[in-house]
Amino acid sequence: MSSEVTYLERAIELAVRSVADGGGPFGAVIVRNGEVIATGQNRVTKDHDPSAHAEVVAIREACRLLGTHSLRGCVLYASCEPCPMCLTTSLWARLDEIVYAADRYAAARSGFDDLAFYELLGRDRRTWPTLIRHQELPAAEEPFAAWNELDDKIDY
């Protein structure tokens, strides 16, 4: 059996255990050079935190343990295809690869919004249920100017 299957099976085990512990049915494992760096389980309802998806929990833990915001050289194994938030968090974390077991359609069949959010992101923002507006302000770009002046900034 390949190590990839082993890591995916572990993510699935974490997801099943999460359900038994009162969380959502999602688990994640982050691996670097064949070593498990961090794991995560969905904690949305347990922590009353809509961002506490298994992948985000694992990414936060891996970054904390490695002392960096970049997970280059790491692979994320997820029990289910990452939702748009988890996918973009993975991109921001600079993970090398994402491997998942169940897909967004399986999540949708169990009542999760992953598929709906993927579809929503492809639509005109004016049709979204949440209003998103741009308000121009003279000082809007001052934070970027301050950032650009830093000599010792840590690049994303």
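A salt bridge here is a side-chain nitrogen of Lys or Arg within 4 Å of a carboxyl oxygen of Asp or Glu. By that rule, a search of the whole structure turns up five salt bridges. Keep in mind that this is a predicted model.

**Charged pairs**

Three of the bridges are worth walking through, and here are their closest N-to-O distances.

| Pair | N to O distance |
|---|---|
| Asp 49 and Arg 60 | 3.9 Å |
| Arg 64 and Glu 61 | 2.8 Å |
| Arg 104 and Glu 81 | 2.8 Å |

Start with Asp 49 and Arg 60, whose side chains meet in a salt bridge at 3.9 Å. Asp 49 sits in the loop between helix H2 (44–47) and H3, while Arg 60 belongs to helix H3, so the bridge ties together parts that are eleven residues apart in sequence. Asp 49 is partly exposed at 23% relative accessibility, and Arg 60 is partly exposed too, at 44%.

The bridge between Arg 64 and Glu 61 stays inside helix H3: with their positions three residues apart in the numbering, they are about one helical turn apart. Arg 64 counts as exposed, at 56% relative accessibility, whereas Glu 61 is partly exposed, at 28%.

Then there's Arg 104 with Glu 81, a bridge of 2.8 Å. This one links distant parts of the chain, 23 residues apart: Arg 104 is in helix H5 (residues 104–109), and Glu 81 is in the loop between S3 and helix H4 (84–92). Glu 81 is buried, with a relative accessible area of 10%.

**A charge without a partner**

Which side chain of opposite charge is nearest to Glu 55? That would be Arg 60, but at 11 Å, so Glu 55 has no salt bridge even though it is buried, given that a bridge needs a nitrogen within 4 Å of a carboxyl oxygen. Glu 55 lies in helix H3. Leaving aside residues up to four places away in sequence, Glu 55 touches Ala 28, Leu 76, Ala 78, Cys 80, Pro 82 and Cys 86.

**The nonpolar cores**

In soluble globular proteins, nonpolar side chains tend to be buried together. In this model the largest nonpolar core has 17 residues, and Ile 30, Ile 59, Ala 62, Leu 71 and Leu 95 touch the most other members. The elements that each supply two or more residues are strands S1 (27–32), S2 (35–41) and S3 (74–80), plus helix H3 (54–66). H3 gives the largest share, five residues.

Leu 71 is a handy place to look around. Not counting residues up to four places away in sequence, Leu 71 touches Ile 30, Ile 59, Ala 62, Cys 63, Leu 66, Ala 93, Arg 94, Leu 95 and Asp 96. Apart from this core lies another one, of nine residues, including Tyr 7, Val 29, Tyr 77 and Val 99.

**Cysteines**

How many disulfides does the structure hold? Zero. Why is Cys 63 not bonded to Cys 74? Cys 74 has the closest cysteine sulfur to that of Cys 63, but the two are 8.2 Å apart, too far for a bond. Cys 63 is buried, at 15% relative accessibility.

Cys 83 is in no disulfide either, and its nearest cysteine sulfur is that of Cys 86, 3.7 Å away. The cut-off explains this case: a disulfide needs the sulfur atoms within 2.5 Å. Cys 83 is buried as well, with a relative accessible area of 8%.

How values were computed
Residues numbered from 1 in each chain as written. Predicted model: local features only at pLDDT ≥ 70, side-chain atom pairs only at ≥ 80, totals over all residues. Heavy atoms only, no water. Core = buried A, V, L, I, M, F, W, Y, C linked by side-chain atoms within 4.5 Å. Buried < 20%, exposed > 50% of the residue type's maximum accessible area, 1.4 Å probe, protein only. Helix = DSSP H or I, 4+ residues; strand = E, 2+ residues; numbered from the N terminus. Contact = heavy atoms within 4.5 Å. Lys, Arg positive; Asp, Glu negative; His and termini not counted.
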